[in-house]
Structure formats: structure tokens, C-alpha cells
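Here's a quick briefing to read with the structure open beside you. Take a look at the fold, then work through the notes by topic.

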Amino acid sequence: MVKILIIYHSQSGNTLRMSNAVAEGVNDIDGVEAVVKSADQAGVNDLLSCDGIAIGSPEYFGYMSGIVKDFFDRTYEPLQGKSEIFKKPYIVFISAGNDGTGALLSIERIVSGYPLKQVHEPIVAKGKITNDALDACKEMGKTIAAGCQLRIF
């Protein structure tokens, strides 16, 4: 079974709603399973055992959530030299109060150090989470799931 790890942090519930939409899209693809974890509950073994990763964060003070940053801090060193992580596909979704640019850039900068491979344009939902944003998250989930299942990434 192909597994897509979805890590997120959410206080208001917006990023959680986006995470659930990504998971719904992932689970729509036969033979693919979404593994949804809060960033503070996910770790090295989750990254090693997944086929792709979805990263969800709110925008706080023009940056990613501190808990999402903590996830990266906790997993980076133990993964150095592990070929299993090299170029795994990833996607990003952000719930932004402003424009989301700082949060997105900080995530992209960090994942380049793993290195992971971006396979879909990031989704940045500004302000209220709309049905259009949730639909886009679902489609993004389908994209990473189908690509991982077919091994095209």
C-alpha cells in the first residue's frame, strides 16, 4: 500500500480542514492511504515509511507554525545520509492570515535540505477557508497519491 504522510498544525481548525481535504483526495486513489498526523506527533519513522509527504501550516507572523518547524528540527539530523528520504515527493498547503509568502518560503527552504521534490504548486488559502480552497486541496491530494502510486515522481 502506498502511504502519503500528511503533517499539519492547526489552532483555529483551518489547516486541519485543509489537511482533511488533502487526505480525502489521497484516499480517493485506490491502493493509496493517507496517514494524517499532527506535526508534533510525526517523526523520523513516519518520513522513512511514507511514499510522499504533504505539509500543512498556518501562517504565524509571516512564518510557518513553530510546531511544523519543530518537526523539521527533530527529523533533519537523524535523516542525514538516509537515501530512503532522498527526493521523496512533497506538497504544501498554508492557511494564511496575510499573503502566506513567508511561511511558504520558510518551508521550501527547509525541505530543500532533505532534499524533497515538490510535485504540485503550493496552495495558500488567504483568510477564510473556502470550498474552492478545500476542492483544490483535495485535487492536490489526488495528484500526489496518483503520482506516487504510478511511481512517476
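What follows is a short tour of helix packing, charge pairs, long-range contacts, backbone oddities and a surface patch.

Keep in mind that this is a predicted model. Helix α5 (131–150) is a good place to start, since the text keeps coming back to it: α5 crosses α1, carries Lys138 of a salt bridge to Asp28, and holds Gly147.

**How α1 and α5 pack**

- Two packed helices are described by the angle between their axes and the distance between the axes.
- For helix α1 (residues 14–27) and α5, the axes come within 6 Å and cross at roughly 45 degrees.
- That angle is neither under 35 degrees nor in the 65 to 115 range, so α1 and α5 count as oblique to each other.
- As for handedness, the α1 and α5 crossing is right-handed.

**Salt bridges**

- Side chains of opposite charge can pair when their charged atoms come close.
- How many salt bridges does a search of the whole structure find? The count is eight, and three of them are described here, beginning with Lys138 and Asp28.
- Lys138 pairs with Asp28, with the closest N and O atoms 3.5 Å apart.
- This pair ties together distant parts of the chain: Lys138 sits in helix α5, Asp28 in the loop between α1 and β2 (32–38), and their positions lie 110 residues apart in the numbering.
- Both partners are partly exposed, Lys138 with a relative accessible area of 22% and Asp28 at 40% relative accessibility.
- Glu139 and Lys142 make another salt bridge, at 3.5 Å from N to O.
- Those two residues, Glu139 and Lys142, are both in helix α5 and three residues apart, about one turn of the helix.
- Glu139 is partly exposed, with a relative accessible area of 43%, and Lys142 is partly exposed too, at 25%.
- Through shared partners, salt bridges join Glu24, Asp28, Lys138, Glu139 and Lys142 into one network.
- Over in helix α3 (residues 66–79), Lys69 and Asp73 are four residues apart, so about one helical turn separates them.
- The closest N and O atoms of the Lys69–Asp73 salt bridge are 2.6 Å apart.
- Lys69 counts as partly exposed at 24% relative accessibility, and so does Asp73 at 45%.

**Contacts between distant parts of the chain**

- Is Gly147 buried or exposed? Gly147, found in helix α5, counts as buried because its relative accessibility is 2%, and the cut-off for buried is under 20%.
- The C-alpha atom of Gly147 is 10.0 Å from that of Asp51, although the two residues are 96 residues apart along the chain.
- Gly31 and Ala146 are 115 residues apart in sequence, yet their C-alpha atoms are 9.3 Å apart in space.
- Gly31 belongs to the loop between α1 and β2, which is also where Asp28 is found.
- At 38% relative accessibility, Gly31 counts as partly exposed.

**Backbone oddities**

- Most residues other than glycine have a negative phi, and most peptide bonds are trans.
- Which peptide bond is cis? The bond from Tyr114 to Pro115 is, with omega near -20 degrees.
- Pro115 lies in the loop between α4 (101–111) and β5 (117–118).
- Lys87 has a positive phi of about 65 degrees despite not being a glycine.
- You'll find Lys87 in the loop between α3 and β4 (89–96), where it is partly exposed at 41% relative accessibility.
- Arg151 is another non-glycine residue with a positive phi, near 60 degrees.
- Arg151 lies in the segment after α5 and is exposed, with a relative accessible area of 60%.

**A nonpolar patch on the surface**

- Leu150, Ile152 and Phe153 form a nonpolar surface patch, with about 310 Å² of accessible area together.
- Ile152 is in the segment after α5, as is Arg151.
- With a relative accessible area of 59%, Ile152 is exposed, because the cut-off for exposed is over 50%.

Note on methods: Residues numbered from 1 in each chain as written. Predicted model: local features only at pLDDT ≥ 70, side-chain atom pairs only at ≥ 80, totals over all residues. Heavy atoms only, no water. Patch = residues over 30% accessible without salt bridge, like charges linked within 9 Å, V, L, I, M, F, W, Y side chains within 5 Å. Areas by Shrake-Rupley, 256 points an atom, 1.4 Å probe, with all protein chains shown as cover. Salt bridge = Lys/Arg side-chain N within 4 Å of Asp/Glu carboxyl O. Buried < 20%, exposed > 50% of the residue type's maximum accessible area, 1.4 Å probe, protein only. Axes fitted to C-alpha atoms, helices over the stretch in contact; angles between N-to-C directions. Parallel < 35°, antiparallel > 145°, perpendicular 65-115°, else oblique. Left-handed = near helix turned anticlockwise from the far one by under 90°.
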